[in-house]
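Notebook open, new chain loaded. I want to look up the strand pairing first, then go on to the rest of the fold.

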Amino acid sequence: YGYIEGIIAPDGEAQDAYLLGVNEPVEEYTGIIIAIIHRYDDVEEKWVVAPKGLMFTKEEIQEQTYFQEQYFKSEITM
C-alpha cells in the first residue's frame with residue numbers, strides 16, 4: 001500500500017494505491033494500473049497497481065485488499 005507521487009486525490013492528499021504482486025517492501029515502484037476500487041462511501045478511489053505483465057482477477061484483488069476494503073462499500077473496475 002502506498003501512494004502515487006504527483007497525483008492529488010479528491011481528499012487533497014496523494015492518490016493511494018495497492019501494490020499487488022510485489023512481496024517485499026519498496027520505497028519506489030513503477031508498475032501499471034490494473035484496476036480501480038471505487039468506494040461508494042468515501043471521496044477517494046484506490047488504484048490497484050501491479051508489475052507489467054502480471055494481472056489479477058477481481059476476486060484476487062478483493063481477497064488481497066480485504067484487510068482495508070472490508071470497511072467500505074466498493075466496486076472494482078478493471
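I began with a single pair: leucine 19 stands opposite valine 49 in β4. Before going on, I noted that this is a predicted model, where local features need pLDDT of at least 70, side-chain atom pairs count only at pLDDT 80 or more, and totals for chains, interfaces and linings use all residues. Residues are numbered from 1 along each chain as its sequence is written, and side-chain values use heavy atoms, with hydrogens and water left out.

**Entry: partners of β4.** I looked up how strand β2 (residues 14–19) meets β4: they run parallel, joined by three bridges. Two strands pair here if DSSP finds at least two bridges between them. Strand β3 (residues 32–39) is antiparallel to β4, with five bridges joining them. In that pairing I found isoleucine 36 as the bridge partner of tryptophan 47. β3 and β4 also make a hairpin, and six residues lie between them. For the labels, helices (H or I, at least four residues) and strands (E, at least two) are DSSP runs, numbered from the N terminus.

**Entry: cover on β4.** Is β4 mostly covered or mostly open? Covered: in β4 (residues 46–50), five of five residues are buried. Buried is under 20% relative accessible area, exposed is over 50%, and partly exposed is in between (1.4 Å probe, protein chains only). I checked the directions too: Lys46, Val48 and Ala50 point one way, Trp47 and Val49 the other, and all are buried. In a regular strand the side chains alternate between the two faces of the sheet.

**Entry: a spot on the helix.** Next I picked glutamate 63, which sits in helix α1 (residues 58–69). Glutamate 63 has a relative accessible area of 63%, so I logged it as exposed. From valine 49 it is 14 residues away in sequence and 15 Å away in space, C-alpha to C-alpha.

**Entry: whole chain.** I count one helix and five strands, in the order β-β-β-β-α-β along the sequence. The C-alpha trace spans about 30 × 30 × 20 Å along its principal axes. Of the 78 residues, 28% count as buried. I also pulled the contacts (heavy atoms within 4.5 Å): of those with a separation of 6 or more, 53% are between residues 24 or more positions apart.

**Entry: charges.** Which sign dominates, with how many side chains? I got 16 negative and 5 positive, and the centres of the two sets lie 7 Å apart. Lys and Arg count as positive and Asp and Glu as negative, while His and the chain ends are not counted; the charge is placed at NZ of Lys, CZ of Arg, CG of Asp or CD of Glu.
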